[in-house]
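Me: I'm new to this structure and would love a close look at just one part of it. Could you walk me through the largest pocket and what sits around it?

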Amino acid sequence: MIVAMQEHATEEQIDAVIEAMVEAGVGVHRTTGALQTILAGVGPTASLDLSKFELLPGVEHVHRISSPYKLAGRGFRPEGTVVEFRNGVKIGGNQVIVMAGPCSIENREQIFETARRVKESGGSFLRGGAFKPRSSPYAFQGLGIPGLQLMREAAEAHGLLVISEVMEISQIEPMLPLVDCFQVGARNMQNFNLLRELGQVRKPVLLKRGIAATIEELLLSAEYILSGGNYDVILCERGIRTYETATRNTMDIAAIPVVKKLSHLPIVGDPSHGTGRRDMVAPLAKAAVAAGADGILVEVHPNADKAASDAAQTLYMEQFDALMKEMRVVATAVGRTL
Ligand code: PEP
Ligand code: MN
(Lines give C-alpha, C1' and ligand atoms only; values in the text may rest on other atoms or scores of the structure.)
(Ligands and ions follow the chains in the order given, each with its own letter.)
Protein backbone atom coordinates (compact mmCIF):
# COMPACT_ATOMS: atom_id res chain seq x y z
CA MET A 1 0.00 0.00 0.00
CA ILE A 2 1.04 3.61 -0.59
CA VAL A 3 0.15 6.37 1.85
CA ALA A 4 0.80 9.79 0.34
CA MET A 5 0.98 12.49 3.01
CA GLN A 6 -0.27 16.03 2.44
CA GLU A 7 2.32 18.59 1.44
CA HIS A 8 2.32 20.27 4.84
CA ALA A 9 1.91 17.17 7.00
CA THR A 10 3.83 17.48 10.27
CA GLU A 11 6.41 15.02 11.59
CA GLU A 12 3.96 14.09 14.38
CA GLN A 13 1.27 13.24 11.84
CA ILE A 14 3.74 11.18 9.78
CA ASP A 15 4.91 9.34 12.91
CA ALA A 16 1.31 8.58 13.88
CA VAL A 17 0.60 7.06 10.46
CA ILE A 18 3.81 4.97 10.59
CA GLU A 19 2.76 3.74 14.03
CA ALA A 20 -0.69 2.75 12.78
CA MET A 21 0.85 0.89 9.83
CA VAL A 22 3.31 -0.99 12.05
CA GLU A 23 0.48 -1.86 14.42
CA ALA A 24 -1.41 -3.36 11.46
CA GLY A 25 1.61 -5.63 10.83
CA VAL A 26 2.93 -3.73 7.81
CA GLY A 27 6.63 -2.99 7.11
CA VAL A 28 7.06 0.73 6.44
CA HIS A 29 9.45 2.36 3.95
CA ARG A 30 9.53 6.13 4.01
CA THR A 31 10.63 8.51 1.30
CA THR A 32 10.63 12.27 1.60
CA GLY A 33 10.16 13.90 -1.77
CA ALA A 34 10.42 17.54 -2.74
CA LEU A 35 6.66 17.94 -2.35
CA GLN A 36 5.41 15.23 -0.05
CA THR A 37 6.32 12.26 2.11
CA ILE A 38 5.33 8.84 0.82
CA LEU A 39 4.99 5.83 3.11
CA ALA A 40 5.04 2.45 1.38
CA GLY A 41 3.60 -0.42 3.36
CA VAL A 42 4.82 -3.91 2.46
CA GLY A 43 3.60 -7.23 3.82
CA PRO A 44 0.12 -8.57 4.50
CA THR A 45 -1.87 -5.56 3.29
CA ALA A 46 -4.47 -7.44 1.19
CA SER A 47 -6.90 -7.87 4.07
CA LEU A 48 -6.44 -4.37 5.52
CA ASP A 49 -9.20 -1.80 5.46
CA LEU A 50 -7.40 1.15 3.88
CA SER A 51 -10.10 3.69 4.70
CA LYS A 52 -8.91 3.58 8.29
CA PHE A 53 -5.61 5.16 7.18
CA GLU A 54 -7.27 7.64 4.89
CA LEU A 55 -8.93 9.26 7.90
CA LEU A 56 -5.74 9.90 9.83
CA PRO A 57 -4.67 13.56 10.08
CA GLY A 58 -2.20 14.69 7.39
CA VAL A 59 -3.01 11.87 4.93
CA GLU A 60 -3.74 12.91 1.35
CA HIS A 61 -4.61 9.53 -0.14
CA VAL A 62 -4.07 5.81 0.28
CA HIS A 63 -4.03 3.16 -2.43
CA ARG A 64 -3.03 -0.41 -2.99
CA ILE A 65 -0.06 -1.21 -5.21
CA SER A 66 -1.19 -3.56 -7.95
CA SER A 67 2.29 -4.40 -9.29
CA PRO A 68 4.28 -7.24 -7.66
CA TYR A 69 7.14 -4.84 -6.91
CA LYS A 70 6.19 -2.27 -4.31
CA LEU A 71 9.26 -0.12 -3.62
CA ALA A 72 10.68 -0.20 -7.15
CA GLY A 73 7.43 1.17 -8.61
CA ARG A 74 7.07 4.84 -9.59
CA GLY A 75 4.47 5.39 -6.89
CA PHE A 76 7.08 5.18 -4.14
CA ARG A 77 8.98 8.18 -5.52
CA PRO A 78 6.92 9.84 -8.25
CA GLU A 79 9.59 12.47 -8.94
CA GLY A 80 12.32 9.84 -9.54
CA THR A 81 15.38 8.72 -7.59
CA VAL A 82 18.64 10.61 -7.83
CA VAL A 83 21.61 8.58 -6.58
CA GLU A 84 24.33 10.82 -5.18
CA PHE A 85 28.06 10.08 -5.10
CA ARG A 86 31.20 11.81 -3.89
CA ASN A 87 32.49 14.64 -6.09
CA GLY A 88 28.91 15.86 -6.60
CA VAL A 89 28.19 13.19 -9.25
CA LYS A 90 24.49 12.30 -9.46
CA ILE A 91 22.75 9.59 -11.47
CA GLY A 92 19.09 10.19 -12.23
CA GLY A 93 19.33 13.96 -12.52
CA ASN A 94 19.58 16.05 -15.65
CA GLN A 95 23.15 15.07 -16.43
CA VAL A 96 23.85 11.82 -18.29
CA ILE A 97 26.75 10.09 -16.50
CA VAL A 98 29.39 8.05 -18.31
CA MET A 99 31.11 5.02 -16.78
CA ALA A 100 33.98 3.68 -18.84
CA GLY A 101 36.89 1.32 -18.54
CA PRO A 102 38.11 -2.12 -19.49
CA CYS A 103 36.09 -5.27 -19.12
CA SER A 104 38.82 -6.56 -16.75
CA ILE A 105 41.48 -4.81 -14.74
CA GLU A 106 44.72 -6.29 -16.11
CA ASN A 107 47.69 -4.34 -14.78
CA ARG A 108 48.78 -0.99 -13.39
CA GLU A 109 49.76 0.63 -16.65
CA GLN A 110 46.53 -0.39 -18.38
CA ILE A 111 44.22 0.92 -15.66
CA PHE A 112 46.14 4.18 -15.07
CA GLU A 113 46.24 4.97 -18.78
CA THR A 114 42.53 4.18 -19.10
CA ALA A 115 41.71 6.43 -16.13
CA ARG A 116 43.66 9.32 -17.62
CA ARG A 117 41.88 9.04 -20.96
CA VAL A 118 38.40 8.48 -19.49
CA LYS A 119 38.77 11.62 -17.38
CA GLU A 120 40.14 13.61 -20.30
CA SER A 121 37.11 12.71 -22.41
CA GLY A 122 34.63 13.63 -19.66
CA GLY A 123 33.73 10.33 -17.97
CA SER A 124 32.76 10.26 -14.29
CA PHE A 125 33.32 6.60 -13.36
CA LEU A 126 36.14 4.19 -14.00
CA ARG A 127 34.77 0.69 -14.54
CA GLY A 128 36.68 -2.58 -14.52
CA GLY A 129 36.08 -6.12 -13.37
CA ALA A 130 38.24 -7.62 -10.64
CA PHE A 131 36.02 -10.69 -10.29
CA LYS A 132 34.97 -11.88 -13.72
CA PRO A 133 32.03 -14.17 -14.49
CA ARG A 134 33.47 -16.01 -17.52
CA SER A 135 31.60 -18.59 -19.56
CA SER A 136 34.70 -20.83 -19.49
CA PRO A 137 36.52 -21.75 -16.27
CA TYR A 138 39.79 -21.64 -18.26
CA ALA A 139 39.35 -17.99 -19.30
CA PHE A 140 40.97 -15.10 -17.37
CA GLN A 141 39.07 -14.80 -14.07
CA GLY A 142 40.28 -11.36 -12.96
CA LEU A 143 42.90 -10.03 -10.53
CA GLY A 144 40.62 -9.94 -7.49
CA ILE A 145 41.13 -7.42 -4.67
CA PRO A 146 44.71 -6.46 -5.68
CA GLY A 147 43.29 -5.44 -9.07
CA LEU A 148 40.60 -3.40 -7.42
CA GLN A 149 43.21 -1.62 -5.31
CA LEU A 150 45.01 -0.65 -8.51
CA MET A 151 41.79 0.69 -10.01
CA ARG A 152 41.01 2.69 -6.87
CA GLU A 153 44.48 4.29 -7.01
CA ALA A 154 44.07 5.09 -10.71
CA ALA A 155 40.59 6.54 -10.16
CA GLU A 156 41.78 8.72 -7.27
CA ALA A 157 44.75 9.98 -9.23
CA HIS A 158 42.34 11.24 -11.91
CA GLY A 159 39.30 12.30 -9.90
CA LEU A 160 37.06 9.44 -11.01
CA LEU A 161 34.61 7.23 -9.11
CA VAL A 162 34.89 3.42 -9.11
CA ILE A 163 32.35 0.79 -10.16
CA SER A 164 33.11 -2.94 -10.14
CA GLU A 165 31.24 -6.21 -10.17
CA VAL A 166 30.55 -8.17 -7.00
CA MET A 167 29.89 -11.86 -7.64
CA GLU A 168 29.29 -13.22 -4.18
CA ILE A 169 28.47 -12.23 -0.61
CA SER A 170 32.00 -12.80 0.73
CA GLN A 171 33.35 -10.15 -1.68
CA ILE A 172 31.13 -7.35 -0.35
CA GLU A 173 33.19 -6.53 2.72
CA PRO A 174 36.64 -6.35 1.11
CA MET A 175 35.17 -4.39 -1.81
CA LEU A 176 33.32 -1.83 0.34
CA PRO A 177 36.23 0.60 0.88
CA LEU A 178 37.38 0.27 -2.73
CA VAL A 179 34.24 0.96 -4.77
CA ASP A 180 31.75 3.82 -5.00
CA CYS A 181 29.17 1.58 -6.64
CA PHE A 182 28.72 -2.19 -6.68
CA GLN A 183 27.81 -3.77 -10.00
CA VAL A 184 25.65 -6.89 -10.04
CA GLY A 185 26.19 -8.69 -13.33
CA ALA A 186 23.60 -10.15 -15.66
CA ARG A 187 24.38 -13.68 -14.47
CA ASN A 188 23.69 -12.71 -10.87
CA MET A 189 20.52 -10.69 -11.37
CA GLN A 190 18.58 -13.44 -9.66
CA ASN A 191 21.16 -14.35 -7.04
CA PHE A 192 18.65 -13.42 -4.36
CA ASN A 193 20.96 -14.05 -1.40
CA LEU A 194 23.50 -11.62 -2.86
CA LEU A 195 20.76 -9.05 -3.56
CA ARG A 196 19.42 -9.31 0.00
CA GLU A 197 22.91 -8.76 1.40
CA LEU A 198 23.38 -5.69 -0.84
CA GLY A 199 20.14 -4.38 0.63
CA GLN A 200 21.98 -4.13 3.94
CA VAL A 201 24.90 -2.02 2.72
CA ARG A 202 24.69 1.73 2.36
CA LYS A 203 26.41 2.04 -0.98
CA PRO A 204 24.78 2.30 -4.43
CA VAL A 205 24.23 -0.82 -6.52
CA LEU A 206 24.03 -0.98 -10.32
CA LEU A 207 21.84 -3.96 -11.18
CA LYS A 208 22.18 -5.39 -14.68
CA ARG A 209 19.31 -7.07 -16.46
CA GLY A 210 19.73 -10.84 -16.79
CA ILE A 211 20.21 -12.25 -20.28
CA ALA A 212 16.77 -13.89 -20.20
CA ALA A 213 15.00 -11.61 -17.73
CA THR A 214 11.83 -9.65 -18.30
CA ILE A 215 11.61 -6.04 -17.16
CA GLU A 216 9.26 -7.15 -14.38
CA GLU A 217 11.85 -9.66 -13.16
CA LEU A 218 14.51 -6.92 -13.21
CA LEU A 219 12.29 -4.70 -11.06
CA LEU A 220 11.56 -7.57 -8.67
CA SER A 221 15.30 -8.15 -8.29
CA ALA A 222 15.73 -4.44 -7.51
CA GLU A 223 12.98 -4.89 -4.92
CA TYR A 224 15.19 -7.36 -3.02
CA ILE A 225 17.80 -4.62 -2.55
CA LEU A 226 15.29 -1.84 -1.82
CA SER A 227 13.40 -3.93 0.72
CA GLY A 228 16.58 -4.10 2.81
CA GLY A 229 16.53 -0.30 3.03
CA ASN A 230 19.16 0.39 0.37
CA TYR A 231 17.26 2.72 -1.95
CA ASP A 232 20.28 3.65 -4.09
CA VAL A 233 19.73 1.22 -6.94
CA ILE A 234 20.55 1.97 -10.58
CA LEU A 235 19.23 -0.38 -13.26
CA CYS A 236 21.14 -1.33 -16.40
CA GLU A 237 19.93 -2.53 -19.80
CA ARG A 238 22.77 -4.60 -21.29
CA GLY A 239 21.02 -6.60 -23.94
CA ILE A 240 19.04 -9.81 -23.77
CA ARG A 241 19.34 -13.10 -25.62
CA THR A 242 16.96 -13.43 -28.56
CA TYR A 243 16.96 -15.47 -31.78
CA GLU A 244 19.04 -12.75 -33.47
CA THR A 245 22.69 -13.74 -33.91
CA ALA A 246 24.07 -10.70 -35.76
CA THR A 247 24.89 -9.09 -32.44
CA ARG A 248 26.07 -10.77 -29.21
CA ASN A 249 22.85 -9.74 -27.46
CA THR A 250 19.82 -7.71 -28.50
CA MET A 251 20.01 -4.29 -26.88
CA ASP A 252 16.45 -3.60 -25.74
CA ILE A 253 16.33 0.17 -26.13
CA ALA A 254 12.58 0.12 -25.41
CA ALA A 255 13.36 -1.13 -21.91
CA ILE A 256 14.67 2.35 -21.08
CA PRO A 257 11.38 4.28 -21.48
CA VAL A 258 9.45 1.28 -20.11
CA VAL A 259 11.52 1.30 -16.91
CA LYS A 260 11.19 5.10 -16.69
CA LYS A 261 7.43 4.72 -16.75
CA LEU A 262 7.17 1.81 -14.31
CA SER A 263 9.90 2.76 -11.86
CA HIS A 264 11.52 5.73 -10.14
CA LEU A 265 14.97 4.13 -10.39
CA PRO A 266 17.61 5.55 -12.75
CA ILE A 267 18.58 3.39 -15.73
CA VAL A 268 21.89 3.15 -17.55
CA GLY A 269 22.51 1.65 -21.00
CA ASP A 270 25.42 -0.71 -21.70
CA PRO A 271 25.89 -0.83 -25.49
CA SER A 272 29.12 -2.88 -25.16
CA HIS A 273 27.51 -6.05 -23.86
CA GLY A 274 24.33 -5.00 -25.65
CA THR A 275 25.94 -5.50 -29.06
CA GLY A 276 29.26 -7.30 -28.53
CA ARG A 277 30.72 -5.42 -31.49
CA ARG A 278 32.97 -2.38 -31.41
CA ASP A 279 31.38 -0.88 -34.55
CA MET A 280 27.87 -1.08 -33.07
CA VAL A 281 28.63 0.44 -29.68
CA ALA A 282 28.42 4.12 -30.68
CA PRO A 283 25.05 3.97 -32.49
CA LEU A 284 23.45 2.08 -29.60
CA ALA A 285 25.03 4.36 -26.99
CA LYS A 286 23.51 7.37 -28.75
CA ALA A 287 20.17 5.59 -29.08
CA ALA A 288 20.18 4.90 -25.33
CA VAL A 289 20.84 8.56 -24.54
CA ALA A 290 18.08 9.60 -26.97
CA ALA A 291 15.70 7.11 -25.31
CA GLY A 292 16.24 8.70 -21.90
CA ALA A 293 19.05 6.73 -20.26
CA ASP A 294 20.55 8.37 -17.17
CA GLY A 295 23.99 7.03 -17.97
CA ILE A 296 26.12 4.91 -20.29
CA LEU A 297 28.40 2.06 -19.22
CA VAL A 298 30.97 1.35 -21.90
CA GLU A 299 34.08 -0.80 -22.29
CA VAL A 300 37.26 1.00 -23.40
CA HIS A 301 40.93 -0.04 -23.34
CA PRO A 302 44.19 1.65 -24.36
CA ASN A 303 45.07 -1.51 -26.32
CA ALA A 304 41.57 -2.74 -27.10
CA ASP A 305 42.54 -5.51 -29.53
CA LYS A 306 44.62 -7.14 -26.81
CA ALA A 307 42.04 -6.82 -23.99
CA ALA A 308 42.03 -9.91 -21.75
CA SER A 309 38.23 -10.12 -22.02
CA ASP A 310 35.54 -8.74 -24.34
CA ALA A 311 38.12 -7.34 -26.80
CA ALA A 312 35.71 -7.42 -29.76
CA GLN A 313 33.30 -4.99 -28.12
CA THR A 314 35.91 -2.75 -26.48
CA LEU A 315 36.32 0.76 -27.90
CA TYR A 316 39.68 2.28 -28.81
CA MET A 317 40.28 5.39 -26.71
CA GLU A 318 39.94 7.65 -29.77
CA GLN A 319 36.57 6.08 -30.55
CA PHE A 320 35.46 6.73 -26.99
CA ASP A 321 36.53 10.35 -27.18
CA ALA A 322 34.59 10.82 -30.45
CA LEU A 323 31.56 9.04 -28.97
CA MET A 324 31.56 11.36 -25.94
CA LYS A 325 31.30 14.36 -28.26
CA GLU A 326 28.47 12.77 -30.26
CA MET A 327 26.55 11.72 -27.14
CA ARG A 328 26.81 15.27 -25.85
CA VAL A 329 24.98 16.51 -28.96
CA VAL A 330 22.25 13.89 -28.50
CA ALA A 331 21.93 14.70 -24.80
CA THR A 332 21.48 18.39 -25.61
CA ALA A 333 18.83 17.52 -28.20
CA VAL A 334 16.76 15.71 -25.55
CA GLY A 335 17.17 18.47 -22.95
CA ARG A 336 19.99 16.94 -20.91
CA THR A 337 23.65 17.59 -20.30
CA LEU A 338 26.57 15.17 -20.54
C1 PEP B 1 30.80 -6.63 -17.49
O2 PEP B 1 30.29 -5.53 -17.22
O3 PEP B 1 31.98 -6.77 -17.86
C4 PEP B 1 29.92 -7.83 -17.45
C5 PEP B 1 30.41 -9.03 -17.15
O6 PEP B 1 28.66 -7.54 -17.78
P7 PEP B 1 27.33 -8.48 -17.81
O8 PEP B 1 27.10 -8.92 -16.42
O9 PEP B 1 26.29 -7.54 -18.35
O10 PEP B 1 27.61 -9.61 -18.76
MN1 MN C 1 32.70 -7.26 -20.23
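Reply: Strand 9, residues 161–165, gives the largest share of the lining of the largest pocket, with 3 residues. That comes from a predicted model, so please read everything here as computed from that prediction. In total, 23 residues line this pocket, and the space inside comes to about 270 Å³. Sorted by character, the lining has 9 charged and 9 polar residues, along with 5 nonpolar ones.

Now let's move to the middle. The lining residues nearest the centre of the pocket are K132, P133, R187, H273 and D310.

Two of those names are worth following, because H273 and D310 are also among the protein donors of the manganese ion (ligand 2), and a donor is an N, O or S atom within 2.8 Å of such a metal. H273 offers its NE2 atom and D310 an OD atom, while C103 contributes SG and E299 an OE atom. These donors lie 2.0 to 2.4 Å from the ion. Along the sequence, their spacing reads C-x169-H-x25-E-x10-D.

Within that set, C103 and E299 link distant parts of the chain, being 196 residues apart. C103 belongs to the loop between strand 7 (97–101) and helix 3 (108–121), whereas E299 is in strand 14, residues 295–299. Both C103 and E299 are buried.

Finally, a step back to the whole chain. The protein is divided into domain 1, covering 2–66, and domain 2, covering 83–333. The C-alpha centres of domain 1 and domain 2 lie 35 Å apart.

Definitions and conventions. Residues numbered from 1 in each chain as written. Chains lettered and ligands numbered in written order. Predicted model: local features only at pLDDT ≥ 70, side-chain atom pairs only at ≥ 80, totals over all residues. Heavy atoms only, no water. 1 Å grid on protein atoms, 1.4 Å probe; cavity = no way out; pocket = protein on both sides within 12 Å on 5 of 7 lines; lining within 4 Å. Points joined across faces, edges and corners; volume = space filled by probe spheres on them. Helix = DSSP H or I, 4+ residues; strand = E, 2+ residues; numbered from the N terminus. Nonpolar A, V, L, I, M, F, W, Y, C, P; charged D, E, K, R; others polar. Donors = N, O, S within 2.8 Å, 3.2 Å for Na, K, Ca; no water. Buried < 20%, exposed > 50% of the residue type's maximum accessible area, 1.4 Å probe, protein only. Domains from an automatic or database assignment.
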